[in-house]
Amino acid sequence: MMTMKKPQSIQEQAYARFAEIDGSHPYRAAAPQGFVDYPARTRHHGRVFYLNFELAREMGLLPTDHPDRLTPALSRAVLDAFSLQIINEYDMLHKVRIPVADRRPNAYMATRYLQLQHPDKSGLTSGDGRSIWNGCFSARGKTWDISSCGTGATRLSPATAIEKRYFRTGDKKVSYGGGRSDLDDGVAAAMLSEIFHRNAITTERTLAVIAFPDRTSINVRAAPSLLRPAHFFGWLKQNDYANLKGLTDFYIARQIGNKAWPKMSPPAGYDYFLRQSARDFARAAARFEMEYIFCWMDWDGDNILSNGGIIDYGSIRQFGLFHYEYRYDDYDRMSTNIIEQRRKARHIVKTVAQLTGYVKTGRKRPKNTYAKHPALALFDREFALHKREILLYKIGFNERQIVTLMRDANTQSALTEFQTTFTYFERAKSKRGPYEVSDGITWDAIFCVRDILRELPQRILQTGAELTPEQFMEIILSDYAKGSDRKPNKTRIRHIRNFQAQYGRLLVAAARRLGLAEGRLLKNIARRSALINRYERMTGDAVIHVTSKLMEYARNNSFADVYAIFMEFVDAQVLRPEYFTANARQAAHRVRRPEYLHSMLEIVREHRDGI
């Protein structure tokens, strides 16, 4: 007798697209040796802590008119799709019994890529250590990659490579080898990635966070492509032409299919890949340097996406000041610092030049052959230009004005002078010198140039007079300035006067080129700069404490209340006027206990200068 399948409810039909994310992915055909496939089982007792409704609608997983509301049917759809754990080598060796009902029908892949913390340094043993790719999803003319962190210990983790044994998922005795993800870390990554996205910083985004009673989580991430340069560089290191070409062709086709790149034939695609990498990584490195984002780029191309976007928020920090001497201590080595990220990004571009040359000709030439490749000259030009564009934006010019001003010789001459003095204040360091912090070493910056960019146009509008050195120092000094750091000596007085004079010349040149009265331009700049250089700006230290505060709130409040306070906080950290122009809300989320939101913002204020 045939068993009749229970018909889906209208709500279940609306969420049916989540079931399409089942481990299937064309990456397997593109790079047949580029992954380890794992069977999977359902992981029980999870609950949806966070769901990115905006992203789910954009991807086509939810209808465009779906409200920001987690229904029981939607919760089930998210858990059915993503609440899983791999059945790994340890489970198989120890014959761990898995209930038949818990076994997932398809395998999920952990992808291979280069990582310098692995002993072999060639990508043979490294890759997704506690993550799997859930699959890809296509809708509305765009394809998205989806992966999950915290789904179990794979054979590609550093722990397995170093200790040469497999680990049980959840083993708390091994760092980064137990396969779990911490709930606080997942929520912090969701918060910071959404803030970065809304501030026009290229990044993967968190689609969902699933929480478990032991305070671990599964963190679901999505992007139009989740490939890293490290995915390609492993095959390059191993001289594996077939997998390298297959993956390169796959990536080019994805970028064209997603309309991120124009249509072109394969040979032209390789050259375009290289030129676009030069642009993307130059702009990323410039943005990180100007926004004080510590990303830890290195030669392996691991902690970065192939388009220069951010991935894996465990190593991401945003500083309040230009603490460019900070280095993270990762046990056996120290990280790069913010300034060195440019050199590392340039090295990644040189490696892309080597790999595209290899793919085009079938012959791998030494990397030094590409030391003077035109792509590196393109990188250098784009890096310098984008830093200037970002400085104009931070001053308060809008995007259309910046395009015009970047073509004007008089404005560029004035900007060059101002940039030199701006850099002096930005990079001034404390007399204290370098010292150890809990996770590395640092040497404190002492001036907050965002504060003077915010306050100076207001003061000019109010008084029309130049600030005295004492007034200027009162505004720009940070809490890190101690003793002699706070004194306006002769050199600083000269730079203070130069800063204001050069700022004024820049405004005059810009007003003339834009055809605006100086007073009107200054009012617009003052208004925009007040948001762009907002006093309360998220830092790495702040996000840790803000997440703790949110978790405290979540213990006694509903999903809807937690989501409301999460989103209101994220919006409070959007520092782009254009975002609010383009995304004016019909109605704000209702925050039931505004004192919690205020306390979260107060935490940001307290940690605004830190790392």
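Which residues form one aromatic cluster with Phe425 and Phe499? The other members are Phe418, Phe422, Tyr424, Phe447, Phe472 and Tyr503. Keep in mind that this is a predicted model. Below is a quick tour of its aromatic pairs, its nonpolar cores, a small sheet and two charges over rings.

**Aromatic pairs**
- The count of aromatic pairs comes to 32.
- Take Tyr251 and Phe273: their ring centres are 5.4 Å apart and their planes meet at 55 degrees, so this pair goes down as tilted.
- Tyr251 belongs to helix α9 (residues 241-257) and Phe273 to helix α10, so the pair ties together parts 22 residues apart in sequence.
- Buried or exposed? Tyr251 and Phe273 are both buried.
- Phe425 and Phe499, by contrast, make an edge-to-face pair, with 5.8 Å from centre to centre and 85 degrees between the planes.
- Here the link is between helix α14 (residues 409-427), which holds Phe425, and helix α17 (residues 490-514), which holds Phe499, so parts 74 residues apart in sequence get tied together.
- Phe425 and Phe499 are both buried as well.

**Nonpolar cores**
- As background, nonpolar side chains in soluble globular proteins tend to be buried together.
- The largest nonpolar core here runs to 124 residues, and Phe18, Phe82, Met191 and Phe569 have the most contacts inside it.
- Helix α10 (residues 266-291) supplies the largest share of that core, with 11 residues.
- Leaving out residues up to four places away in sequence, Phe18 touches Leu61, Leu62, Leu74, Ala77, Val78, Ala81 and Phe82.
- There's also a second, separate core of 49 residues, and Phe322, Ile402, Ala428 and Phe499 are among its members.

**A small sheet**
- Three strands make an open sheet in the order β13-β15-β14, and the pairing is antiparallel.
- β13 (327-328) and β14 (435-437) sit at the edges with a single partner strand each, so one side of each has no neighbour in the sheet.
- How many bridges join β14 to β15? Three do, and β15 covers residues 440-442.
- Glu436 has Ile441, in β15, as its bridge partner.

**Charges over rings**
- Arg28 puts its charged end over the ring of Phe35, 5.6 Å from the ring's centre.
- Arg342 does likewise with Phe383, lying over the ring face at 5.2 Å from the centre.

Conventions: Residues are numbered from 1 along each chain as its sequence is written. This is a predicted model: local features need pLDDT of at least 70, side-chain atom pairs count only at pLDDT 80 or more; totals for chains, interfaces and linings use all residues. Side-chain values use heavy atoms; hydrogens and water are left out. Two strands pair if DSSP finds at least two bridges between them. Helices (H or I, at least four residues) and strands (E, at least two) are DSSP runs, numbered from the N terminus. A nonpolar core is a set of buried Ala, Val, Leu, Ile, Met, Phe, Trp, Tyr and Cys residues joined through side-chain atoms within 4.5 Å. Buried means under 20% relative accessible area, exposed over 50%, partly exposed in between (1.4 Å probe, protein chains only). Contact means heavy atoms within 4.5 Å. Rings of Phe, Tyr and Trp (its six-membered ring) pair if their centres lie within 6.5 Å; planes under 30 degrees apart count as stacked, over 60 as edge-to-face and the rest as tilted. A charge sits over a ring if NZ of Lys or CZ of Arg is within 6 Å of the ring centre and within 35 degrees of the ring normal.
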